[in-house]
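The following exercises are intended for a reader who meets this structure for the first time. Each task is followed by a solution that proceeds step by step.

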Amino acid sequence: MSDCIFCKIIDGSIPSNKVYEDEHVLAFMDVAPLTKGHTLLIPKQHVKDLYEMPEDVARNLYAAAPKIANAIKKAFNPQGLNTINNNGAFAGQSVFHYHLHFIPRYDDSDGLKVRWEAKNGEFTPEQLKAIAEEIKTNLNE
Ligand code: 5GP
Ligand code: ZN
């Protein structure tokens, strides 16, 4: 896609610090890393977000994910690693070519907050069952 910054990184017209590449995916350093080793994994096919991702693209993308995670772990031995994908501006997506963030975690001072307080009792067991049914009836298979 001609006006997509990540497609330009794939075709080399915008420089990046690549860490892994195969026929289907590219992993490179985030230009504004939250922590040391913050890496982005993207499909080479332009896919806007998870909603629009074909199954084969998903398969090839996630096939590379453990490789990237283990390389970061070996390189920097973080205390933990968050993999995060934002879909839609409301969820924090700013580049509309799907990407999976790999954010190694070293301490609490990096500002990333991904935990939430479990709201026990927010939904009754009957409501949970009905919600599951609603999602199930919307699966495309
Ligand atoms: P999002 O906010 O969409 O989840 O994440 C987009 C990420 O892409 C951000 O963390 C941002 O720093 C990174 N980014 C934006 N433009 C570029 C770029 O030109 N090169 C690289 N390497 N990363 C970029
Ligand atoms: Zn793109």
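## Exercise 1. The zinc site

The donor residues of the zinc ion (ligand 2) follow the sequence spacing C-x2-C-x38-H-x50-H. The model that contains them is a predicted one.

**Task.** Determine which atoms are the protein donors of the zinc ion (ligand 2), and what arrangement the donor atoms form.

**Solution.**

1. The donors from the protein are the SG atoms of C4 and C7 and the ND1 atoms of H46 and H97. They lie 2.0 to 2.3 Å from the zinc ion.
2. Four donors count as tetrahedral if all angles lie between 85 and 135 degrees. The angles subtended by the 4 donor atoms here are 105 to 117°, and the arrangement is therefore tetrahedral.
3. Next, the donors are placed in the chain. C4 belongs to the segment before α1, while H46 belongs to the loop between β3 (39–43) and α2 (55–76); the pair therefore ties together parts that are 42 residues apart in sequence.
4. Finally, accessibility is considered. C4 has a relative accessible area of 5% and is buried, whereas H46, at 26%, counts as partly exposed.

## Exercise 2. The chain as a whole

**Task.** State how many helices and strands the protein chain has, and in what pattern they follow along the sequence.

**Solution.**

1. The protein chain holds 3 helices and 5 strands.
2. Their pattern along the sequence is α-β-β-β-α-β-β-α.
3. The C-alpha trace spans about 50 × 40 × 25 Å along its principal axes.
4. Of the 141 residues, 32% are buried.
5. Among contacts with a separation of 6 or more, 52% are between residues 24 or more positions apart.
6. A record may be set beside these values. An unreviewed UniProt entry carries the annotation "domain: HIT" for residues 5–113. Over residues 5–113 the chain is 27% helix and 23% strand, with its end C-alpha atoms 27 Å apart.

## Exercise 3. Two helices compared with their expected spans

**Task.** For α2 and α3, find what span is expected at 1.5 Å a residue, and which residues of α2 are buried.

**Solution.**

1. Helix α2 has 22 residues and should span 32 Å; its end C-alpha atoms are 32 Å apart, which agrees.
2. Helix α3 (residues 125–136) has 12 residues and reaches 16 Å between its first and last C-alpha, close to the expected 16 Å.
3. The buried residues of α2 are V57, L61, A64, A65, I68, A69 and I72. These buried residues pack against β1, β2, β3, β4 (80–84) and β5 (100–105).
4. Residue A63 also has its place in helix α2, but at 54% relative accessibility A63 counts as exposed. The C-alpha atoms of A63 and N120 are 35 Å apart, with their positions 57 residues apart in sequence.
5. In α3 the number of buried residues is 0 of 12, so α3 lies largely in the open.
6. After α2 comes N77, with a positive phi near 45°. N77 is a residue other than glycine, has its place in the loop between α2 and β4, and counts as exposed at 62% relative accessibility.

## Exercise 4. An aromatic pair

**Task.** Establish how many aromatic pairs a search of the whole structure finds, and how the planes of the rings of F6 and F28 are set.

**Solution.**

1. The search of the whole structure yields 1 aromatic pair.
2. The ring centres of F6 and F28 are 5.4 Å apart and the planes stand at 80°, so the pair is edge-to-face.
3. This pair links distant parts of the chain: F6 is in helix α1 (residues 5–11) and F28 is in strand β2 (residues 25–29), 22 residues apart.
4. F6 is buried, at 7% relative accessible area, and F28 is buried as well, at 2%.

## Exercise 5. A residue in a strand

**Task.** Is E21 buried or exposed, or does E21 lie in between?

**Solution.**

1. E21 has its place in strand β1 (residues 18–21).
2. Partly exposed lies between the limits of 20% and 50%. At 40% relative accessibility, E21 therefore counts as partly exposed.
3. Neighbours within four places in sequence set aside, E21 is in contact with L26 and K44.
4. The C-alpha atoms of E21 and Q127 are separated by 44 Å, and the two residues are 106 residues apart along the chain.

Methods: Residues numbered from 1 in each chain as written. Chains lettered and ligands numbered in written order. Predicted model: local features only at pLDDT ≥ 70, side-chain atom pairs only at ≥ 80, totals over all residues. Heavy atoms only, no water. Helix = DSSP H or I, 4+ residues; strand = E, 2+ residues; numbered from the N terminus. Expected span 1.5 Å × (residues − 1). Buried < 20%, exposed > 50% of the residue type's maximum accessible area, 1.4 Å probe, protein only. Phe/Tyr/Trp six-rings, centres within 6.5 Å; stacked < 30°, edge-to-face > 60°. UniProt positions renumbered as here; feature names shortened; annotations may be inferred. Donors = N, O, S within 2.8 Å, 3.2 Å for Na, K, Ca; no water. Tetrahedral: all angles 85-135°; square planar, octahedral: opposite > 155°, others 65-115°. Contact = heavy atoms within 4.5 Å.
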